[in-house]
Protein chains: 2
Amino acid sequence: MKNYETEDKILDAATEIFQAKGLDGARMQEIAQKASINKAMLHYYYRGKEKLFQAVFKRTIQMIIPKMVQIISSDKPLFDKIRQFTDQYVSFILEHPYIPLFVINELEKHPDIIHSIIQTNINNGVREKLNKQINEMIQKGEIKPINPEQLFLNVLSMSIFPIMAQTSLRTILQKDKNEYRQLLEERKTFIADFIISAIKK
Amino acid sequence: MKNYETEDKILDAATEIFQAKGLDGARMQEIAQKASINKAMLHYYYRGKEKLFQAVFKRTIQMIIPKMVQIISSDKPLFDKIRQFTDQYVSFILEHPYIPLFVINELEKHPDIIHSIIQTNINNGVREKLNKQINEMIQKGEIKPINPEQLFLNVLSMSIFPIMAQTSLRTILQKDKNEYRQLLEERKTFIADFIISAIKK
DNA sequence: AAACGATTTAACCAAACGGTTAAACTGTAT
DNA sequence: ATACAGTTTAACCGTTTGGTTAAATCGTTT
């Protein structure tokens, strides 16, 4: 019988190490230690570093993408969606602050290793539905004309960047952890107000 | 006499490799090959991988921070500054798209190695001057009340994130390189319009 | 309790890594 | 021409790395 406890312990430990140090910086020995098992077990269950990394990356993507899709594809009015996204998504990422930098960086540095995973998790319909909703509001004259994709990039940028670039931005703004955390908490509502103020007629 | 040609060739090659692969992913042998020199020369001129990396990081920071400070600390009106920043800075980063992810990621993963460099390049007066300018406009009633730091985070986020997360965002938006590049070009003016529209009374 | 497959361990391995060394080479001053 | 410091090279070194192996242990079935 497969020992799922061990398999999960490994995946949890690998997730921690890979997200903190990246594929190149992570050491199999360190993952084994964190999981309190012998190094050979990593290969027994996951057949090597690359495969283990793929398992971690896949699981990480499945944490972060469905959450995004779920909010975007609800039937709420646009302004509600924006408020919900910038509140819920910022909250979610604040609980997993390593994830965005991990995903973006590894995707940039090892597209070959990751590419098989990524295509599975992209949903076409969601984007089109959102675009339609935005374009209808423009036609009704409820918001200013705007490229829906640019709006999407803005929402995502303002939600994610200040969290993933935390260390750099804290240095630039010369804030300690608590002060900066306070700024980020404020953003949960601030971003939505800012965006709505920008597009409302 | 020191051979500055060799020293520069090494630094250029190291910059390319480190920015593309990070400290952990970079190999001394590969840097030597790219510089067309013997591996021992890297140690002769830069006394090891860590020191070479520090030289690269320092030079990179000095490319990207003064550019930012220069725009922010000019005597132009706020709206001009915003337009200038989102135009010039996005243009600049589009020419060096590796830099933001490199800086943010290495700062996150190796703060110890970098910390000696970073503090030298931070300027206090600039931020205070910008805050003052924004607060004065609020008091005159020319823009809506806003936390200057949040505004700064928004400008930075919208300018940098879509470029540094290019690979991820292209996957989500399902755009090829040219289509996405077009989106980014549009942003040079779009971001400023968006921000000004958000804060103007 | 014997037998069997699944799980776990300790010891080991070859390759890759950052780094070192000693000798060779280069240009310049005397 | 010689001496000399600065530069460059090829060969080498010890360690760390991801990965393997064979034997030991565990748990279940009979």
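Here are some questions and answers about how chain A and chain B meet in this predicted model.

Visitor: How many residues of chain A are in contact with chain B?
Guide: Count the residues on each side of the interface. Chain B brings 53 residues to the contact. On the chain A side, the count is 53.

Visitor: What area is buried between chain A and chain B?
Guide: Look at the atoms that make up this area. Carbon and sulfur atoms give 64% of it. The area buried between the two chains is about 5,000 Å².

Visitor: Which residue forms a salt bridge with Lys175(B)?
Guide: Between chain A and chain B there are two salt bridges. In one of them, the closest N and O atoms are 3.0 Å apart. The partner of Lys175(B) there is Glu149(A).

Visitor: Which helix of chain A gives the most to the side that touches chain B?
Guide: Several helices of chain A each supply at least two residues, among them helix 1 (4-25), helix 8 (124-139) and helix 11 (177-199). The top contributor has 13 residues there. That is helix 9 of chain A.

Visitor: How many nonpolar residues does the side of chain A that touches chain B have?
Guide: Sort that side by class. Ten residues are charged and 13 are polar. The nonpolar residues number 30.

Visitor: Is Asn154(B) buried or exposed?
Guide: Asn154(B) lies in helix 9 (residues 148-164) of chain B. Asn154(B) touches Met158(A), Arg187(A), Phe190(A) and Phe194(A). Its relative accessible area is 0%. The cut-off for buried is under 20%, so Asn154(B) is buried.

How values were computed
Residues are numbered from 1 along each chain as its sequence is written. Chains are lettered from A and ligands numbered from 1 in the order in which they are written. This is a predicted model: local features need pLDDT of at least 70, side-chain atom pairs count only at pLDDT 80 or more; totals for chains, interfaces and linings use all residues. Side-chain values use heavy atoms; hydrogens and water are left out. Helices (H or I, at least four residues) and strands (E, at least two) are DSSP runs, numbered from the N terminus. Buried means under 20% relative accessible area, exposed over 50%, partly exposed in between (1.4 Å probe, protein chains only). Contact means heavy atoms within 4.5 Å. Buried area is the accessible area (1.4 Å probe) that two parts lose on being put together, summed over both. A salt bridge is a side-chain nitrogen of Lys or Arg within 4 Å of a carboxyl oxygen of Asp or Glu. Ala, Val, Leu, Ile, Met, Phe, Trp, Tyr, Cys and Pro count as nonpolar, Asp, Glu, Lys and Arg as charged, and the others, Gly among them, as polar. Lists of a residue's contacts leave out its neighbours within four places in sequence.
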